[in-house]
Amino acid sequence: MEEQDLTGEIETLKKKLAEEQGKLSDADLILSCQKIEPITQVNIKVRKVLKGHQGKVLCMSWSQDKRHLVSTSHDGKLLVWDAFTTNKEHAISMATTWVMACAYSPSGQFVACGGLDNKCSIYPLLEEEPVTKKRLVGTHTSYLACCQFNTSDHQVLTGSGDSTCVLWDVESGQMIQSFHGHAGDVQALDLSPSESGRVFVSAGCDRAANVWDMRSGQCVQLFDSHESDVNSVRFYPSGDAFVTGSDDASCRLFDLRTDREVAVYKKESVLFGCNAVDFSLSGRLLFAGYSDYVLNVWDVLKAKRVAMLYGHENRVSCLRVVPDGTAVAGFKDSAA
Amino acid sequence: MAAISQQKKMVEQLRQEAALERKPVSECVREMLQFVEKEKEGDCLVTGFAAKKDNPFQESGGCSLL
């Protein structure tokens, strides 16, 4: 009897939600922006090439100083680069290959990383031998897919193949909060730029993007319109929306305030999965890296592709815009 | 038994989502456009650099020996 009541209530609630969302759908982003001046040219050139990894680059992260970046690779190495000079400042060999996640700490003094070892570890860059001062931050029951420092050097948020995300205290290695709700491997996460330390979004193989309240551990919003694995997620610079990149060859923009998908970035000729997404500073441009060697640049307000950036011989696996918006770095299989 | 507890969780989740305050899409679009307009000038990848030397990634000019 109880089960029937519950099923009934679930159906009623779902219908009510759909109705509420429908009522607010009084405009269309792309249609509303038709009168906006289009982007006529995109003058983006390859300025630097960072060569040094021997295997596929799996993850990268910019430092807040806007010139250094960290990258990790299938070859088991973590490299710290000065993007202005292209010099490698640090090379750390991991105990594991397939280091799928890395993050630069806000102060620039540490890098966090992990992968098939199921662990998230932190390395102090100011030490002579960072590898000897390695510290374990947390362990999952499956691979570490992504990690980010939460507003300071003291907390790290991780996402794992075990379908959970966890917020860890670096000093004690304790779990501060865990986030359960994904029905598949978590592939990516991003912290809100406006609700610093309070909200983050995660996405994964269950085709969904979940928005979380970091204090309660609750999933407050769920978006599941993608048709395949979601590989990448990034907040819109204002914090009001976020974009996802998926194996279904589309990128989608979801607005948190209206609780729905507001735009889809796809083209008949774009057939390959999208692995990485990021916005330009104003949120006008969306950079998306795909499995067919291309970096597509989309006009966010018109859902039109405005440029295709080549310069990569292999799959674009990760990309990130510099914190001050002056450049975008994209890593392909063995070089930036 | 497990199915019931899962359903209870789903009901809880849906109730919370139903209680969420939402804004109409038109308002969100307006705010997004305001944001893009405001940030446009500082977005180098859209508006470019005023001078070549403002670009930190630009190769510095070479010298020629006379």
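Which residues of chain A does the UniProt annotation "repeat: WD" cover? In this predicted model, local features need pLDDT of at least 70 and side-chain atom pairs count only at pLDDT 80 or more, whereas totals for chains, interfaces and linings use all residues. Residues are numbered from 1 along each chain as its sequence is written, and side-chain values use heavy atoms, with hydrogens and water left out.

**View 1. Annotated repeats of chain A.** According to the unreviewed UniProt entry, "repeat: WD" covers residues 50-91, 137-178, 179-222 and 223-264; such annotations may be inferred rather than shown by experiment. Residues 179-222 are 0% helix and 50% strand, with end C-alpha atoms 13 Å apart. For residues 223-264 the span is 0% helix and 55% strand, and the end C-alpha atoms again lie 13 Å apart.

**View 2. Fold and dimensions of chain A.** Chain A contains two helices and 26 strands, taken as DSSP runs (helices H or I, at least four residues; strands E, at least two). Its radius of gyration over C-alpha atoms is 20 Å, close to the 20 Å that the globule rule (2.2 Å times the number of residues to the power 0.38) gives for 336 residues, so chain A is as compact as a globular protein of that length.

**View 3. Interior and contacts of chain A.** Of the 336 residues, 56% are buried, meaning under 20% relative accessible area with a 1.4 Å probe, protein chains only. Among contacts (heavy atoms within 4.5 Å) with a separation of 6 or more, 43% join residues 24 or more positions apart.

Notes
Chains lettered and ligands numbered in written order. Buried < 20%, exposed > 50% of the residue type's maximum accessible area, 1.4 Å probe, protein only.
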